[in-house]
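Please open the structure in your viewer and keep the selection tool at hand. The tour below proceeds from the whole chain to single residues.

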Amino acid sequence: MDINAVTTSYARWAPIYDKTFGAITKAGRRRTVAYLNAHGPRLLEVGVGTGLALGGYRADMEVTGIDYSNEMLAKAKAKVDKEGLRHVKALRQMDARSLDFPDDSFDAVAAMHLVSVVPEPERVMSEMARVVRPGGKIVITNHFARDKGFLALLERLTAPLENLLGWHSDFPISRVLGDDRLELRERKPFPPVGMMTFLVFEKRSPA
Ligand SMILES: C[S@@+](CC[C@H](N)C(=O)[O-])C[C@H]1O[C@@H](n2cnc3c(N)ncnc32)[C@H](O)[C@@H]1O
């Protein structure tokens with residue numbers, strides 16, 4: 001997607017997100033959060049959206065969330081205030097292609113349903129690899145394009161609607177696998193009905 005379409009699309013999604021896409025993806029998000037709770041405490045959630053995951057983190061985590069959409073972030077901030085989530089240290093408007101954090105700042109970086117939305121996903125992977133510490137984890141939950149079958153055809157047919165939908169429906173997994181600093185440690189299907197994929201990368205230590 002182009003960045004202007006992210007702004008317009010997620011301004012439209014923000015009021016209805018939690019009860020639509022957010023609800024469908026709840027089980028996978030819960031499992032991703034359970035994994036992250038064992039790999040903190042310093043966590044960066046990239047594309048934090050309306051903050052649906054924030055209430056699930058352990059109280060001793062130190063969570064920073066960033067998102068490009070002010071409307072999505074406003075929803076996240078409202079949740080943090082309403083639920084008194086003191087482990088959420090900061091929520092900032094930021095472009096994932098250019099993260100305003102020093103190298104090696106986090107123990108884990110999470111990107112749920114983000115990589116098929118952002119412009120230049122390779123650049124986002126590179127930034128996430130830069131800010132996670134050596135030995136730290138990058139955790140991605142996302143839908144990736146299928147190779148064959150009716151759903152693969154549907155994904156290809158809806159691909160031109162990406163700026164309207166708010167994501168790229170036939171996004172190939174190869175676009176997140178190319179950063180040499182990252183070693184793929186886990187890859188498994190995730191709910192709903194195995195439509196999503198859970199990926200864990202570990203940042204290699206410098207030679
Ligand atoms: C499908 S939502 C996922 C939200 C949340 N991670 C979740 O699982 O519910 C995608 C989010 O990515 C954000 N986003 C898209 N492009 C971005 C960018 N370049 N930088 C930061 N956030 C971005 C959107 O604003 C939106 O909130």
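The stops that follow state what to select and what is found there.

**Before starting**

This is a predicted model, in which local features need pLDDT of at least 70 and side-chain atom pairs count only at pLDDT 80 or more, while totals for chains, interfaces and linings use all residues. Residues are numbered from 1 along each chain as its sequence is written, and side-chain values use heavy atoms, with hydrogens and water left out.

**Stop 1: the whole chain**

Display the full chain as a cartoon. Its secondary structure comes to seven helices and seven strands; helices (H or I, at least four residues) and strands (E, at least two) are DSSP runs, numbered from the N terminus. Followed from the N terminus, the elements run α-α-α-β-β-α-β-β-α-β-α-α-β-β.

The C-alpha trace spans about 45 × 45 × 30 Å along its principal axes. The radius of gyration of the chain is 16 Å, which agrees with the value near 17 Å for a compact globule of 207 residues. That radius is taken over C-alpha atoms, and the globule rule is 2.2 Å times the number of residues to the power 0.38.

Now switch to a surface display. The accessible surface comes to about 9,900 Å², of which 55% belongs to carbon and sulfur atoms; the areas come from the Shrake-Rupley method with a 1.4 Å probe, and for residues only the protein chains shown count as cover. Of the 207 residues, 52% count as buried, where buried means under 20% relative accessible area, exposed over 50%, and partly exposed in between (1.4 Å probe, protein chains only). Among the contacts with a separation of 6 or more, 69% are between residues 24 or more positions apart, contact meaning heavy atoms within 4.5 Å.

**Stop 2: Leu36 and Tyr57**

Select Leu36, which is placed in helix α3. Leu36 has a relative accessible area of 0% and is therefore buried. Not counting residues up to four places away in sequence, Leu36 touches Leu43, Tyr57, Met61, Ala108, Ala110, Met112 and Val139. For a longer view, include Arg133: Leu36 and Arg133 are 97 residues apart in sequence and 15 Å apart in space, C-alpha to C-alpha.

Move next to Tyr57, in the loop between β1 (42-46) and β2 (62-67). Is Tyr57 buried or exposed? Its relative accessible area is 4%, so Tyr57 counts as buried. Leaving aside neighbours within four places in sequence, its contacts are Val33, Leu36, Asn37, Leu43, Glu45, Val63, His87 and Met112. The C-alpha atoms of Tyr57 and Leu43 are separated by 9.8 Å, with their positions 14 residues apart along the chain.

**Stop 3: the second largest pocket**

Select Asp18, Gly22, Ala23, Lys26, Arg29, Arg30, Val33, Leu52, Ala53, Gly55 and Gly56, which line the second largest pocket. Helices α2 (21-24) and α3 (26-37) are the elements that give two or more residues to this lining, and α3 gives the most, with four. The pocket holds about 180 Å³ of space.

On a 1 Å grid over the protein atoms alone, a pocket is an open set of points where a 1.4 Å probe fits, with protein on both sides within 12 Å along at least five of seven lines; lining residues have an atom within 4 Å of a point. Grid points are joined across faces, edges and corners, and the volume is the space filled by probe spheres set on the points.

Colour the lining by residue class: four residues are nonpolar, three polar and four charged. Here Ala, Val, Leu, Ile, Met, Phe, Trp, Tyr, Cys and Pro count as nonpolar, Asp, Glu, Lys and Arg as charged, and the others, Gly among them, as polar.

Within this lining, centre on Ala23, found in helix α2. Ala23 is partly exposed, with a relative accessible area of 41%. Beyond four places in sequence, Ala23 touches Tyr17 and Asp18. Ala23 and Leu52 lie 9.3 Å apart, C-alpha to C-alpha, and 29 residues apart in sequence.

**Stop 4: backbone geometry**

Show the backbone atoms of Gly40 and Pro41, which are joined by a cis peptide bond with omega of about 5 degrees. Pro41 is in the loop between α3 and β1. A cis peptide bond also joins Pro191 and Pro192, with omega of about 0 degrees; Pro192 is in the loop between β6 (182-190) and β7 (196-203).

Finish at His113, in the loop between β4 (106-112) and α5 (121-131). His113 has a positive phi of about 55 degrees although it is not a glycine, and at 12% relative accessibility His113 counts as buried.
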